[in-house]
Amino acid sequence: MSSFKITGGKKLQGELTPQGAKNEALQILCAVILTREVVEIHNIPNIRDVNKLMELLEDMGVKRTKLGEGSYRFEASEVNFEYFETEAYKEKASSLRGSIMLLGPMLARFSKGKAPRPGGDKIGRRPLDTHFVGFQKLGATFTYEADDAFYTVDGENMEGGYVWMDEISVTGTANVVMAAVMTKGITTVYNAACEPYLQQLCKMLNRMGAKIEGVGSNLLTIEGVEEMSGCEHTMLPDMIEIGSFIGLAAMTKSEITIKNCQIKELGIIPATFKKLGIEMEFRGDDIYIPAQENYEINTLIDGSILTIYDAPWPGFTPDLISIILVTAIQAKGTLLVHQKMFESRLFFVDKLIDMGGQIILCDPHRATVVGLNRTHNLKGIRMTSPDIRAGVALLIAALSADGTSIIDNIEQIDRGYQNIDDRLNAIGAEIVRV
């Protein structure tokens, strides 16, 4: 395992450009299987999860050509189904949660698919029932081989139908939509996720020849087509990275400009950080955050404690709950953080408490942060990154702390953040990869 050695207490200053969106990339890349024709994708982030998925596609027989930094051409004219029976496929696909989204396009184009139970962050239970129930409502059948931890899906008898998403799952919605675009008849997907990344996928699929209506809402109507064509697609900037940089600027009293944010796609993310008292200016599509000595958490109208919680889009994304929590440590005031979706995502707060944060873990889903208001700084310690977002929250804490911190298992951070050490060092951080 690699580690970061961080010397804290340094003010940063400069510009940061967010990478392409990780969560969009995992969907968009799976969609290339839907057509024999060429698909060009731009602004692909150079991160571990995305690179592993592209390697997996190549192993399946998809041709990949690099066009430039973050730009690739894909051609899935042939797919090697014998590869799905190999140990190499099981090992590679099971290490990547996004691999489950290969099943939808495989069902649509080939009427069959096979995938191992995927890995990913250890942030609580992440059942896949929503994916498979959706496939079943379209007429597919599936079996789960417990000994091999393999899912096999047969879509020979699929036809359009009514699909109620019992969980507002982004990946589940993406999988069902990709399965439906080439399924005969009309499919209605209700209670669908409508995140900007899902909207991006639907817009891309429509450019490929799909007939999807209701994009941006929770009710999608899909008329199946016989075949899909190639297209060109450019991904959004990563909203989670943008939120992480906002929290970083506040915690470290830094003056940072976040470039090319596509602010209209960020929803309530900027407004939620403003509730912590963080100042920011929108300069075109850039977000300028001035150096702030202090910032104060809002209260409710009656003066009671503010609660920030995650919710399906257009609510606040659960991937930024860890960043909100760590940023509140040096604010003035008290905040209740309620992480509704994953019951293990707040367990990293014990490290923040060891660093000197005043945090009460109320239960697996809620934590109360009593802001220090800069009365004293956090202190550097050694800690381990449990998942992508907690890892960056710990990195932000370490950059704001006195002394030196070590973060182990930074492979988790590399899964979601492109060259984060080099990019932060370029504006004044001191992070050494060891």
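Which helices and strands do the buried residues of H5 pack against? In this predicted model, the partners are helix H4 (103-110), strand S7 (141-145), strand S8 (150-154), strand S9 (162-164) and helix H6 (170-180). H5 itself covers residues 129-137. Its buried residues are Thr 130, His 131, Phe 132, Gly 134 and Phe 135. After the helix comes Gly 139, with a positive phi near 100 degrees.

Move next to H4, one of the partners of H5. Here 7 of the 8 residues are buried, so the rest of the structure largely encloses this helix. The buried set is Leu 103, Gly 104, Pro 105, Met 106, Leu 107, Ala 108 and Arg 109. What lies over them? The cover includes H1, strand S6 (112-116), H5, S8 and H6. Just past the end of H4, Ser 111 has a positive phi of about 65 degrees.

Now step back to the overall layout. The protein is divided into domain 1 (3-19 + 237-433) and domain 2 (22-234). Between them, 24 residues from domain 1 and 20 residues from domain 2 take part in the contact. The C-alpha centres of the two domains lie 31 Å apart.

H1, which helps cover H4, spans residues 22-31. UniProt, in an unreviewed entry, places the feature "binding site" at Lys 22 and Asn 23. Lys 22 is found in H1, and Asn 23 is found there too. Are these two residues buried or exposed? Lys 22 counts as buried because its relative accessibility is 7%, under the 20% cut-off. Asn 23 has a relative accessible area of 23%, so this residue is partly exposed.

Their surroundings can be listed, leaving aside neighbours within four places in sequence. Lys 22 is in contact with Pro 45, Ile 47, Asp 49, Val 50, Asp 238, Ile 388, Arg 389, Arg 415 and Gly 416. Asn 23, with residues up to four places away again not counted, touches Tyr 197, Asp 319 and Arg 389. Arg 389 thus appears among the contacts of Lys 22 and among those of Asn 23.

Asp 238, a contact of Lys 22, leads to the next helix. Asp 238 caps the N-terminal end of H8. One of its side-chain oxygens lies 2.8 Å from the backbone nitrogen of Ile 240. H8 runs through residues 239-251. At 1.5 Å a residue, its 13 residues should span 18 Å. The end C-alpha atoms are 19 Å apart, which agrees. H8 is mostly covered, with 13 of its 13 residues buried. Just after H8, Lys 253 takes a positive phi of about 55 degrees.

Strand S1 (residues 3-7) holds Ser 3. With a relative accessibility of 8%, Ser 3 counts as buried. Its side chain makes a polar contact with the side chain of Asp 408, at 2.6 Å. Asp 408 also belongs to a longer contact list for Ser 3, with neighbours within four places in sequence left aside. The others on that list are Arg 382, Ile 406, Ile 407, Ile 410, Val 432, Arg 433 and Val 434.

Strand S11 (residues 211-213) contains Lys 211. What is the exposure class of Lys 211? A relative accessible area of 43% makes Lys 211 partly exposed. Not counting residues up to four places away in sequence, Lys 211 touches Asn 206, Thr 221, Ile 222, Glu 223 and Val 225. Met 182 is 29 residues from Lys 211 along the chain, and their C-alpha atoms are separated by 9.5 Å.

Last, the cysteines. How many disulfides does a search of the whole structure find? The search finds 0. Cys 194 is in no disulfide, and the nearest cysteine sulfur, that of Cys 202, is 10 Å away. A disulfide would need the sulfur atoms within 2.5 Å. Cys 194 counts as buried, at 10% relative accessibility. Cys 362 counts as partly exposed, at 38%.

Conventions
Residues numbered from 1 in each chain as written. Predicted model: local features only at pLDDT ≥ 70, side-chain atom pairs only at ≥ 80, totals over all residues. Heavy atoms only, no water. Buried < 20%, exposed > 50% of the residue type's maximum accessible area, 1.4 Å probe, protein only. Helix = DSSP H or I, 4+ residues; strand = E, 2+ residues; numbered from the N terminus. Expected span 1.5 Å × (residues − 1). Polar contact = N/O pair within 3.5 Å; in protein donor to acceptor, adjacent residues only side chain to side chain. UniProt positions renumbered as here; feature names shortened; annotations may be inferred. Contact = heavy atoms within 4.5 Å. Domains from an automatic or database assignment.
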